[in-house]
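User: Could you take a close look at a single part of this model for me? I'd like one connected walk-through with the cut-offs spelled out.

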Amino acid sequence: MDILVKPEANELRKAMQRPVVEQANLEATIKDVFDAVREYGDEALVLLGKKFDQCPALKQKVSCMGYGSQLSPELKSAISKASSNIREFHAAQQSSKAVVETMPGVECWRESVGIEKVGIYIPGGSAPLFSTVLMLAIPADIAGCKEVVVCTPPNAEGGLNPAIAYALEVSGLSEVNLVGGAQAIAAMTLGTESISAVNKLFGPGNQYVTYAKQYAQKYGVAIDMPAGPSEVLVIADELANPEFIAADLLSQAEHGEDSQVILLTDSQELAKKVKEVTYTQLEDLLRKEIAREALKFARIIVLDSLNECVQVSNQYAPEHLIINTSNADDLLAGIVNAGSVFVGPYSPESVGDYASGTNHTLPTNGYARAYSGVNLASFQKQITFQKLSKKGIQNIGRIVEVMAENEGLDAHKNAVTVRLNTLK
């Protein structure tokens with residue numbers, strides 16, 4: 001975990017580079033998976049599960065009902081409350097129909113329609129992400145998606161993780177497919193005997209799942225967003241608590257060995273304290289070896305001012321941005337590139353991961369420059385409508401005729417002209 005003090009531009013640019021994930025033979029592997037699933041369907045899913053995940057033979061569909069008894073009352077309560085917060089935040093994103101009369105007799109409006117079939121992938125390996133169920137299944141329900149297909153890897157015994165099952169039940173779903181990895185993405189893309197093909201894919205995963213989602217677009221299936229390893233960037237001043245910052249950096253580092261964590265500060269003293277505290281806290285983590293590897297990519301960078309920290313953050317475009325400064329609110333207007341922002345000393349990134357209500361499915365790898373995180377609109381299409389009266393076509397008709405004629409599209413012009421002629 002390096003500390004860089006007021007680096008030159010080239011040194012800073014190099015320090016802010018993300019870890020490069022080795023992708024040798026990745027495309028060939030994913031192509032083979034898709035080819036096998038297209039040709040052999042469910043049979044391929046069983047064989048690929050044994051090959052990649054050492055899983056027993058799978059039942060493609062299992063009920064996710066009745067697992068609550070296997071969870072502690074405290075965990076059930078936490079999942080239920082988080083579900084309520086997530087539902088409230090996403091329900092507030094619903095838009096009402098607004099009819100705009102652009103000219104007398106010309107009415108235009110837009111309506112949101114749920115995507116008919118969506119696929120949700122829930123990682124279930126070293127860290128079964130039952131929180132991701134809530135983040136994706138709840139907005140899909142609010143959006144009115146008619147069919148929600150869920151895939152998650154089986155556990156070591158070939159069964160369903162109880163917390164994932166309970167989160168599915170709380171979200172209003174009753175069935176899940178015990179299929180993991182790239183083969184799950186291929187199944188939801190192409191369809192098999194037991195898994196429906198979908199129109200759009202959602203959910204995080206390892207590099208194989210991520211590449212499989214990108215590959216699915218070749219088959220006309222949309223995806224939530226491009227994604228890569230998880231990341232957090234913290235902006236802090238001399239008054240920030242080093243314990244808080246170290247905990248925030250480690251909470252992201254434990255995701256995976258390729259996660260990246262960065263601290264930008266205007267205080268050299270704080271930088272030294274954070275580095276020391278980070279390695280102290282590291283020793284108490286269950287996933288400390290994973291976090292230790294991730295810290296090899298970590299950077300603490302001391303810059304001249306907090307405004308410069310904001311500029312560098314915008315260039316990096318972090319998935320998660322934590323602003324832990326005494327003037328945090330004053331810095332918000334300058335933030336233009338970030339997946340999700342956590343404001344002030346008592347806003348750790350983990351609250352957004354689980355329960356505040358915002359969505360934790362966010363753009364990584366710099367895609368926050370152009371992409372939003374998952375939200376209600378991610379599960380919807382916006383369809384525009386227009387309705388013209390006789391007066392409306394008379395008011396706008398000549399405008400369309402002139403424009404169509406000058407583009408050389410006579411049939412377009414005639415579609416208006418024949419109507420105008422009937423009204424003369």
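In which helix is the place of Pro-139?

Analyst: Happy to help! This is a predicted model, where local features need pLDDT of at least 70, side-chain atom pairs count only at pLDDT 80 or more, and totals for chains, interfaces and linings use all residues. Residues are numbered from 1 along each chain as its sequence is written, and side-chain values use heavy atoms, with hydrogens and water left out.

Pro-139 sits in helix H5, which covers residues 130–143; helices (H or I, at least four residues) are DSSP runs, numbered from the N terminus. With a relative accessible area of 0%, Pro-139 is buried, a word that here means under 20% relative accessible area, against over 50% for exposed and in between for partly exposed (1.4 Å probe, protein chains only).

What surrounds Pro-139? Leaving aside residues up to four places away in sequence, Pro-139 touches His-90, Leu-134, Asn-359, Leu-376 and Phe-379, a contact being heavy atoms within 4.5 Å. Take Leu-376 from that list: Pro-139 and Leu-376 are 237 residues apart in sequence, yet their C-alpha atoms lie 5.4 Å apart in space.

For some wider context, the structure holds 14 salt bridges, each a side-chain nitrogen of Lys or Arg within 4 Å of a carboxyl oxygen of Asp or Glu. One of them pairs Glu-401 with Arg-398, with the closest N and O atoms 3.2 Å apart. These two are separated by about one helical turn because they are three residues apart in helix H15 (residues 390–406). Glu-401 is buried at 8%, whereas Arg-398 is partly exposed at 48%.
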